[in-house]
Every structure is written in structure tokens, then in C-alpha cells.
Amino acid sequence: MTIVSTSHTAAPLFGRDDELRLLGEAMDRARGGHGTSVLLSGEPGIGKSALLDTLARRCADAGLRVLRGAGEELERYVPFHAVRGCLRPRAARPGAEGIGTPGRAFDAAEGVERLLTGHCDDGPVALLVDDLHWADPSSLAVLHRLRRAAAGRLPLLLCLAVRSTGVAPDPDGALRAVVTAVERRLALAPLAAPDVAALAADRTGARTGPGLLRRISAAAGNPLFVTELLGHLTAGGELSVADGVADLVSPAAEDTALPARVHETLQRQLDPLPHRTRDVLEVAAVMGPRVHLADLATAMAAPVMKVWQGVREAVDAGLLTASEHELAFRHPLLRQAQLETVPHSVRIALRQQVGTALAAAGAPPEQVAPYFLGPGVTLGAEALEWLARVARTLAVRAPADAAALLGRALDGLRPGDPRRVTFARESARALLRTGDAPGAERAARAALADGPSPSARRELNRLIAWSAFRQGEHERALEAADTSSGDPRAHAFAAQCHFALGRFPEAEREACRAVAAGEGGGLDATVHGPVVLALLRLSAMRVREALELSDRALRLLGGQAVAPDLTMAPHVLRGLALTDLGRFAEARRAFAPAPAGHDDGGGVFLTACHAGRAAASFHAGHWDDALADIGAGLETTDHLRLHPALRCQAAVIAVHRGEAPHRPPLDGPEGAPGSALHAHLPPWTQALTLEAAGDRAGALDALWNAGGTELPEAGPRMLHHLCPDAARLAGELSDTTRLRHLNRALAATPDDRRTPRLHALELFVRGQLDGDARVLAEAAELFGVAGRVLDEGYARERLAVVLARGERADEARAALGAALSLYDRLGAERDAARAVRQLAGAGLRTRRGPRGRARSGWDALTETERVVVEHVATGRSNPEIAARLFVSPRTVQFHLGGIFSKLGVASRVELAVRASSRGRCAGGPAVV
């Protein structure tokens, strides 16, 4: 018998509150005279022994007699070994002296019961047995008998712990009999991410940094593996603590070899498995963390059903998980342990074998390419033949992999090899899609030097034209465009060049030719014309026509991938049109879909999606959401040269919020077709910056001269976007001449260009021009209905000034209060301060109430940020959150950056811990 000392200090448990509560209930039941039995199960290292230790201490503190026992691997055939310590008599008792003697037959069951009854006569007893899977048959028989005794009226708690994976065979079913007879079973799940972070913080004495979190996340919530990894990193000098944060010294530490104890523990889980299962795990480990069953069978050159036998055994052992579409290692560390047992040369050969087998079986090229890209893998004759067949598809679906693989193939081909033209052409296409326009042009010109066929020459010249266009050399691109062939793509490309050069009549003519040439043609022919026409209509603020044309293009595409040689993705044009119409929620959803091949940093239209969604969020009053998309957009490959537009949008928000210094980014978006839709941003930024510096007249001049001419003639889109600030400044400066010009321009807008905002703008200008409070109030209401928060603030601010001048003080204060409420919602501190000054100048002094926008803490989170926190707290990844919010994973990451700053946390794991604690403190599941 072993009595647990209560003076022992143990490490705290993390993430086991529910299990400890249930064990506490079982302990209380035993104290009350009602016996019970509990089984703890889980993988090695999951914390079964730690729970037994904690239970032993609690039982001892509660006055229970604690008896401990454990099975041992090397003593599995020694009779009664697992229970020998538990069943020694507490004192000399008749008939009890031989219970623990191996040589005695086990017909002394009544003696067992008498012995246990004797212990229970002195008070409640807790009998705890660890490592039940290694218990000898005699001990299992004793425990089976004791389980029945515990179910009677004895004050006995019987708690057993058994491993769920890597268990030795149980031929006579003795272990199964004990396990199935236990009253209550507790299967220990892996620790949740917040608990892993808390465990790491306890071991290191500091908050857990992002690199360290990534490394220990490979332990998949196994506390033993987490602890061993931390010790291994510390001993190897790979862990440092600075400013209260523990993190890896270098990113390379994320790939360090496994600690010997972890490696041994993981490998021992494989010992009971047959060889076929080990072979499956070895090949699967080389193929990657996730693999399709059919691909695994192909790689092993075996029937699926035969491979499935090994897979099923691995799944049953808890080593693999199987979903409908793929297999995955239960532990990333288990895969690493498997890889470490395979020599490097064998790994290279196996990867090459897998790639060759998948290619021969017709697997998708983007799935095969990574196997041939591995270090040391050579491209043999079969691989080159495969690449020649799939180069075009691979360049579209995985351009970065295609460029790397095609470049490697070209290096190995002799001059004159007919495949050189194909590889160089598709390399140019892939490089163009990754944003390397100069590299694409070099590849295309190299292919021309190899003497291609006439059709291949036309295609190469087209790629050269596009490369020039992407480099901003539009005249050279136009010269390379061959419109004599009647190809609708050539006419659409020429329209884009003219549009980028500001030649709108020529652009309209070529766009109409593209539509006419595409009629009756295939998809690639018919979709170009509507797209370029939609762009032209949108730039002319013929918004409803643009929306109809973009919808038409989307219908023609029918869900297919958007070709990178389109002027603009139809869903982006649709989102911009919806934004101009004030349908912001629809607009943000329209920007969200990432067509195949465009969801990574090389996506041609990805920056445009971020810029469009940022604009929609800005006009809808969700400025922090806009900043998140701006930050994400600035990290993309800028094919359409929209980064200046994004920086301008960020500067506009900063100036409104009174955040300085902000020098206006005057390198405005110009040249690329999509940039024309954001051409209003540089003069807008410049004007607001001048106003913030106190130069209101200069600010109005900057707006008025936008586009190289006076604002009313600068173009419908420029007028639509710059009019609110131009009208506000003209009203503040009492510039009735310019107000009249704006009024005439807005009133003369044709009906096909009128939007809800345009109607409100017309009222806003007229109300200031006439000093009519009623008209200004109507403008404010219409802006509110249209969801234009900042515009409504402007209108209510100017309404307050007009009312104050008319000595309607109470109404003026109400209008000012409404304006300040809107500005506070946006965090527009500079606008709020200006409004207070304006009213003071009009003779109305007011004291501004408390600000509506907190800067830090939970109250500072935006609605979107709160939703992101809720998703993080439930364990969802950035891609999963992005799919639910109709944004990109990058945008989610920028939201997280804002959340971290406001809450003072360093990682998503720490955020989940804080959110979970906040929910518990609130007494419910709510996170924020």
C-alpha cells in the first residue's frame, strides 16, 4: 500500500477542469459510502498519470485512504504485479496473508474482498491503478473482482488509467473485460490551444511568443510532448525570454529534431502494428501531412482496398484521422518522427517515385508538381513528358510552382529541343501571373529565338504585349497588340491600352469591336467585351449599366476561373458598382470570392479585391475594417498598381482621425486599367492634408483642380467622389460661385447616371447655396438611408451651422449632437473638432460629451473584430474565419493585429485564453 503525501508539490494541470470535476464527484460518492469505478483513457502523454496524481492528493486531503498500483511493460507476466502494492494487508488478518503471493492460486477471491472490506471498515478508500494496458492477467482478474465490489455498498473509488493507442494484444480479453465493466469512462482529449499556451507560460515563466506557439502546436495538444519540446528547445539554446515573452531564437528552431523521449514514445506506438501499416505510415509521411487515399494507393502501387487495411489499422490505433476526402496524421510530431527514421536519400527517391506514379495516374498537375520540386529530385524523361502535357494547366492553377519547375526543365534541355518553346511560353505565362512581368517578357523573347510555329509566335507576342502592359509601357503594349486578326481578346486588350492612356473614345470603339467579334465565339472570346465595357461604363458613372455588364460577364464565366488577361475581374467590377449604388453589404460579398488561381499573393486581381472592399467599408462607416483590407492589400503582388490607391485611402482615414503626420502619397494610381477607378484618391488625400494644416482655401483648390480641369468637368466619377468635401469646404468659405457650379453640374447629370448618393449630394449643395435648413435636413436623411455615414455627418454639421445662424439654437445643438455622434462612431476626431469650431463661429457654444470610440480594451473592438474573436475562441483558423466573413485570410490577420493591439495580447492563443476567461467571468458562453 502507498499513501500519497499531501506535502508533495506538483505542476498544475491545464485544461482538465471538467475531468477533475467528474473525478471529484466520484470521490464524494465514495466518501458517502457508495462505491464507483472510473476509467481514464487517452494516448501516451495526454495526462492520465497527472490526473491520477492530482486525484490521489485530493483524496488524501479529503481523508480517503489512497492505494496505488501500476502495470509495467516488463512485468506483464508476473502474477499480481500491478496490484501487489495495493493488496498487502494493513495488519495481520486471518486468510489475508497469502493474497499477494504469486504462487497461490487465485481462488482466494473471498480473501480479496475481506481484505478490501477491512480497509473500508476504517473509512473510504481510493484505489488508483495506472498503465492498466500493461497489467498482468492475474491483476486484471483481481481488478475485475474489485470493480464489482466497488459497485456494491463499499466506500470505494476504483480509478484505472489505460492507454488508447499502442496497446499490446489482449488475446484472452481480460483487459477488455475490465475496461468494459467500469461504470464511467473519461476519454482525455488533446488540450485546447489556450491551455497549451497556459502550460507553456507556466513552464517558461513568460507569455508565449508566436514562433514558439507554432512549434509547440505540432504537439497537437499533448502536454507531455509540449513539455518535452520546451525542455529540448531550452537545453539547445533555441528559446529566449525578452520583455516577458518567450519565443524561438530563430525561425529555424521550428524544424529542430524531436527530443529523444518524444521520438521514443511516438515510435513505441507503432510497435504493435503489422508491417503493412508501418509501410503505409512511412509513405504517407513522405507524401505530406495530408494525403488522399487514392494517391497513397497509387504511390504504393497497390489496390486501394489493400492499402485501406493498413490505413484502417492506423486509424484504429489513433495515428491517422480519416475524413471523406483525405487522411491526416493525428500528430504532426508523429509524421516528423516517421520522416526522421527514413534516410534523406531514400526520401528523395520516394518523393520522385510518388510524383512519377501520380503523374502516370493522371493526378491534377498542381498536386504532382511539389513532388518534383523537392530538393535533390531530378526530372527524368517521364517527368519531362508529363510536364510538356500539363504545362499550360499548371501555369494557370499553380503559377509559382509552374515557373520554378519549367525553369528547372529549361535548364536541362538541349538547344533545339522542340519542348523548349512550350516550356518557355508557359513559363512566361506563369511568371506573368506571379507578377514578374520583366521575367515573363524575357522568357517569351527567349522562346521566339527558338523558332516557334506561327501560332506559337502569335501567342508569344501576345504575352510580350501583356508583359509590357504590366510594366506600364502602354504605347509599346498597344503596338504589340494585333487587332488585324479579329480576335476579340486583341480588341479588348487594345481597349485597355487606350483606356490606360486616357483615350476614352478609342477605348469605347475597341471595346465594342471586342463585343461584336466575340458574338458566337467561345467563352474566352465572349467574356472580354462585356468586361471592358463595364469598366468604361463604371468610369463614366453609368453604374447600372456597369452592374448589368459585369453580371453578364459573370454569367458567361459560369463559375470558371477568371483569366488574368481580362481588364478587370467581373466580380470586382460588380462590387465597385454596388458600392457606388450604396449596396455595401452586397459589395463586400461580391469582392470576397477568389476565383481559382487567384487566392494567393500572385492573384492578378487580389489587390483590386482588397481596394474595392476597403472603399465599400469606408463609405459604409466601417473604417477599421477598411484599414484591415488596406493592410492586407499592401502585402499582395500589385499587378494593377493599386498600392498607391490603398495608401491614399489609409491616409484619408488617418487625416479624418487626426493622426499625424501624414504626408499625402502623391504617386497616385495611374496607368493600369483598374487604377482609373481610384483616381480621385490622390487629390482627395492632398486636399484633406492641406485642410488639416489650416489651408482650407488650398484644400478646396486641390479638389477643384482634380483631373487637370475644374471639378464639375473633371469627369462624373471624380465629381461623384470629391463633391462632398468640395461642397463642405465651399460652404465653410462661403464660396457661392463654386457652389453654383457644383449645383449646375449635379442637376445636369443624366438620369442613367443618377444614384441615391447623387440625389443627396444635389440637396447638400443646394441647401448650402440657399441656406435652406429644410433641404439640408433632407440631404442628411437621404445620406443616412444610403448608408453614407461621413456624408451624413457633413450634412448634419452644415445643417447645425445654418440653424445657428438662424438663431434656432436648440435645433442647432440637436443637429450638432447628431453630427458628433456620427463622427465619434467613425473615430473622426478632426471632423468633430471642426464641427465644434464651426458652431462656435456661428455663435453657438456647446460642450462636447464623452467620446464614443474607446482606444483600447474590449470596448474598443469593432463589430467585425468581435466576431473574429468569437471565431478564434472556438478554434477556427484564419481561412475558416475568412470564409465566414467573406474576406481573405490576410484581412483576418490584419483584424487580429488590431485586436492584439487593443487588448494587449501577443498571439491568437493568448487571445483565446483571454476571451474564454472573459466569457467565464460573464457567466455564459459569450466571448466579448
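**Paired strands and crossed helices**

Q: Which residue of S8 is the bridge partner of Thr208?
A: In S8, Thr208 has Ala246 as its bridge partner. The model is a predicted one, in which local features need pLDDT of at least 70 and side-chain atom pairs count only at pLDDT 80 or more, while totals for chains, interfaces and linings use all residues. Residues are numbered from 1 along each chain as its sequence is written, and side-chain values use heavy atoms, with hydrogens and water left out.

Q: What makes S6 and S8 count as paired strands?
A: Two bridges join S6 to strand S8 (residues 245-248), and these strands run parallel; because a pair requires at least two bridges found by DSSP between two strands, S6 and S8 meet the condition. The strand names refer to DSSP runs numbered from the N terminus, with E runs of at least two residues taken as strands and H or I runs of at least four as helices.

Q: Why is the pairing in the sheet S6-S8-S7 called mixed?
A: S6 and S8 run parallel, whereas S7 and S8, joined by four bridges, run antiparallel. The three strands form an open sheet with mixed pairing, and its edge strands, each pairing on one side only, are S6 (207-208) and S7 (239-242).

Q: What lies between S7 and S8?
A: The two strands form a hairpin with two residues between them, and Asp243 in the turn has a positive phi of about 55°. The bridge partner of Ala242 in S8 is Val245.

Q: What is the strand order in the open sheet of S9, S10 and S11, and which are its edge strands?
A: The order is S9-S11-S10, with antiparallel pairing; strand S9 (290-291) and strand S10 (320-322) are the edges, since each pairs on one side only. S10 pairs with strand S11 (residues 327-329) over three bridges in the antiparallel sense, and Leu320 stands opposite Phe329 in S11.

Q: How is helix H10 placed against this sheet and against helix H14?
A: H10 (residues 275-287) lies across S9, S10 and S11 and runs at about 90° to S11. The axes of H10 and H14 (residues 344-360), lines fitted to C-alpha atoms over the stretch in contact, with angles from 0 to 180 degrees between N-to-C directions, come within 10 Å and cross at roughly 85°. H10 is therefore roughly perpendicular to H14, the class for 65 to 115 degrees, with angles under 35 roughly parallel, over 145 roughly antiparallel and the rest oblique. The contact (heavy atoms within 4.5 Å) is made by Val283, Val286 and Met287 of H10 and Arg347, Leu350, Arg351, Val354 and Leu358 of H14.

Q: Why are H34 and H36 called roughly parallel?
A: The axes of H34 (residues 716-732) and H36 (residues 756-770) come within 10 Å and cross at roughly 15°, which means that these helices are roughly parallel to each other. Residues of this contact include Cys723, Pro724 and Ala727 of H34 and Leu758, Leu761 and Phe764 of H36.

Q: How do you know where the coordinates call for caution?
A: The mean pLDDT (the predictor's confidence in each residue, from 0 to 100) is 80 for the protein chain, and 85% of its residues reach 70 or more. pLDDT stays under 50 over residues 594-602, with 27 contacts beyond four places in sequence, and over residues 920-928, with 15 such contacts. Where pLDDT is low, the predicted coordinates should not be read in detail.
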